Amino acid sequence: MAEYDADVIVVGSGSLGGFVALEVAKAGKSVIILESGPEIAEWKITDNYHRSPRKFNWNDPFGDIPYAPNTYTPGYIDADLGDVGQIPGALRSVGGTSRHWTGATWRLLPEDMKLKSTFGIGRDWPFSYDEFEKWFTEAEYAIGVNGDNDADLSGQGLGHTYPPRSKPYPLPPEAKPYLVQKLQVQYEKAGYRTEHGPSCRISQPYAGRPACIGNNLCQPNCPIGAKHSGVHVIEQAVAAGAELRSNATVDKLTVDGKGRITELSYLSPKGDRTTLKAKVIVLAAHAYETPKLLLMNELANSSGMVGRNVMFHPVLNMDFYAEEPVWTGRGQFLHGSIMQRRNQKNRAAVPSARLDYQNVYPVLKITEEVLKPRRSMSARRWTTRSAIVPPAMSPCRC
Ligand SMILES: Cc1cc2nc3c(=O)[nH]c(=O)nc-3n(C[C@H](O)[C@H](O)[C@H](O)COP(=O)(O)OP(=O)(O)OC[C@H]3O[C@@H](n4cnc5c(N)ncnc54)[C@H](O)[C@@H]3O)c2cc1C
Ligand code: SF4
């Protein structure tokens, strides 16, 4: 009997785990991908979403899976969400969370990685943007990213591309939705610049994927596969020889005499246990489940920092009524942003932020507002004109 079941076992089939498995399989090594969620076809997600009354819950079309709860499953996140009140989204299915991500593909700025030395706050990364740049480029070419090669994404009006790039974007920007064109004109009058935001909802066919046709269904999933999804990577990895085992929830990790994790075991939905060994085990189970696995098994935590400092970005959405039709919901979700607040000199006092133009279908929110019980006609007039949506109701789009 072979000592190992595979050269490498990858836990988690999201974009991260998928790319690891793909590279290992391409190198001719054996690799098993273990994924706690099920395989769900794209058409089924689209169909479920079509029928769902919970249109702003993008986890909903992926189903309520008892053995693989997602972050919207009641009781999954046991934390004080404070004033923000937003539950971060994560999926449990083959392909992982990028199946319903927005596909906004921002690079960090050099300053983001040196906050302490540049602005005197936070901590510096142990390496610089220049050292990291080639990996941004490789990722952009791997998933297919549209971008404007002249855009200053620091928002400071530098007049040249920023952050620096060693190669152009693999794909040119997509068509600008009418809504963004109209808003850009209005905001420019007030001194705000609109820059193109890079995305992986591709503007031209790329790596076997068709170009985006702008039907605005990027979340919960792109029905035609124009948006990068971890599912595409898993398909490539399996074609290259990787073995995928879905419905396999890893819970036990075992170290060998050298302190390396070389054995694990997982449960099937019925509770059957399987134990596997590999020369290398990669944990790619998302920012929630990877630390949870380590903590459950009391591993790799000599610093005491495993599971701490998780960060996500809070979002405040604001809606408004336009004086003329702006045809929201045609074209892509996100195209342009105002970035003047992204890298100001006073970042120590005023945190970095971005103002995105979200080109989303407004029907649901308007209907909800109109159907709300009213105390009086004057109250009704105020609510329907302003319709500012509190953050807890506003899902993140990026
Ligand atoms: C609504 C939404 C929009 C987003 N939009 C953007 C965006 O525009 N731009 C951006 O950069 N980021 C965005 N993000 C974040 C981004 O999607 C995630 O950071 C990214 O997909 C994480 O990839 P991953 O491979 O690390 O994890 P995941 O894709 O979550 O994959 C982890 C996999 O591990 C599996 N797993 C977990 N535990 C176990 C276990 N014990 N055993 C076996 N398998 C397990 C899970 O089922 C899952 O499939 C968005 C997120 C959400 C929710
Ligand atoms: S707009 Fe439509 S085709 Fe384009 S990425 Fe989104 S869902 Fe896919």
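**Group meeting: a walk through the predicted model**

Let's start at Gly12, in the loop between strand S1 and helix H1. One caution before we go on: this is a predicted model.

Is Gly12 buried or exposed? Gly12 is buried, because its relative accessible area is 7% and the cut-off for buried is under 20%. What does Gly12 touch, leaving aside neighbours within four places in sequence? The contacts are Gly17, Ile33, Leu34, Glu35 and Ala284. Look at the numbering there: Ala284 sits in that list alongside Gly17. Now a pair that is separated in space. Gly12 and Arg260 are 248 residues apart along the chain, and their C-alpha atoms are separated by 19 Å.

Leu34 takes us to the core. The largest nonpolar core has 18 residues. Those with the most contacts inside it are Ile9, Val11, Leu34, Val250, Leu253, Leu264 and Leu276. Which elements give two or more residues to this core? Five are strands: S1 (6-11), S2 (31-34), S5 (249-255), S6 (261-267) and S7 (273-283). The other is helix H7 (286-296). As a general point, nonpolar side chains tend to be buried together in soluble globular proteins.

Take Leu253 from that core. Not counting residues up to four places away in sequence, Leu253 touches Ile261, Glu263, Leu264, Leu283, Leu293, Leu294, Asn297 and Leu299. So much for the largest core. There is a second, separate one, with 14 residues. Among its members are Ala21, Ala25, Val31 and Ile234.

Ile234 brings us to helix H6. The buried residues of H6 are Gly230, Val231, His232, Val233, Ile234 and Ala237. What covers them? The cover includes helix H1 (15-26), strand S2, helix H2 (42-51) and strand S4 (243-245). After H6 comes Gly241, with a positive phi near 120°.

Next, H2 itself. Tyr49 is found in this helix. Tyr49 is buried, since its relative accessible area is 4%. Leaving aside neighbours within four places, Tyr49 contacts Lys55, Trp58, Pro61, Leu217, Gln219, Pro220 and Tyr361. Tyr49 and Asn221 are 172 residues apart along the chain, yet their C-alpha atoms are separated by 9.1 Å.

Just past H2 is Ser52, in the loop between H2 and helix H3 (115-119). Ser52 is also buried, at a relative accessible area of 6%. Here the long jump in sequence goes with a long distance. Ser52 and Phe312 are 260 residues apart along the chain, and 27 Å separates their C-alpha atoms.

Back to the contacts of Tyr49. Gln219 and Pro220 are both on that list, and a cis peptide bond joins them, with omega about 20°. Pro220 lies in the loop between S3 and H6. Where is the other cis bond I want to show? It joins Tyr162 and Pro163, with omega about 5°. Pro163 is in the loop between helix H4 (129-143) and helix H5 (178-189).

Now the ligand. Ligand 2 sits in the largest cavity. Which residues are around it? They are Arg201, Cys212, Ile213, Gly214, Asn215, Asn216, Leu217, Cys218, Cys222, Pro223, Ile224 and Lys227. By type, this shell has seven nonpolar, three polar and two charged residues. Leu217 belongs to the shell, and Leu217 is also a contact of Tyr49.

Ala207 is in the loop between strand S3 (194-196) and helix H6 (230-239). Ala207 counts as exposed, because its relative accessibility is 60% and the cut-off is over 50%. In sequence, Ala207 and Gly144 are 63 residues apart. In space, they are 7.9 Å apart, C-alpha to C-alpha.

Last stop: the loop between H7 and strand S8 (334-338), home of Ala300. Phi of Ala300 is positive, near 55°, in a residue other than glycine. Ala300 is exposed, with a relative accessible area of 61%. Asn309 is found in the loop between H7 and S8 too. Phi of Asn309 is positive as well, near 65°. Is Asn309 buried or exposed? Exposed, because its relative accessible area is 55%.

Conventions:
Residues are numbered from 1 along each chain as its sequence is written. Chains are lettered from A and ligands numbered from 1 in the order in which they are written. This is a predicted model: local features need pLDDT of at least 70, side-chain atom pairs count only at pLDDT 80 or more; totals for chains, interfaces and linings use all residues. Side-chain values use heavy atoms; hydrogens and water are left out. A nonpolar core is a set of buried Ala, Val, Leu, Ile, Met, Phe, Trp, Tyr and Cys residues joined through side-chain atoms within 4.5 Å. Buried means under 20% relative accessible area, exposed over 50%, partly exposed in between (1.4 Å probe, protein chains only). Helices (H or I, at least four residues) and strands (E, at least two) are DSSP runs, numbered from the N terminus. Contact means heavy atoms within 4.5 Å. A residue is near a molecule or strand if one of its heavy atoms lies within 4 Å of it. On a 1 Å grid over the protein atoms alone, a cavity is a set of points where a 1.4 Å probe fits but cannot get out, and a pocket is an open set with protein on both sides within 12 Å along at least five of seven lines; lining residues have an atom within 4 Å of a point. A molecule sits in a cavity or pocket if more than half of its atoms lie within 2 Å of its grid points. Ala, Val, Leu, Ile, Met, Phe, Trp, Tyr, Cys and Pro count as nonpolar, Asp, Glu, Lys and Arg as charged, and the others, Gly among them, as polar.
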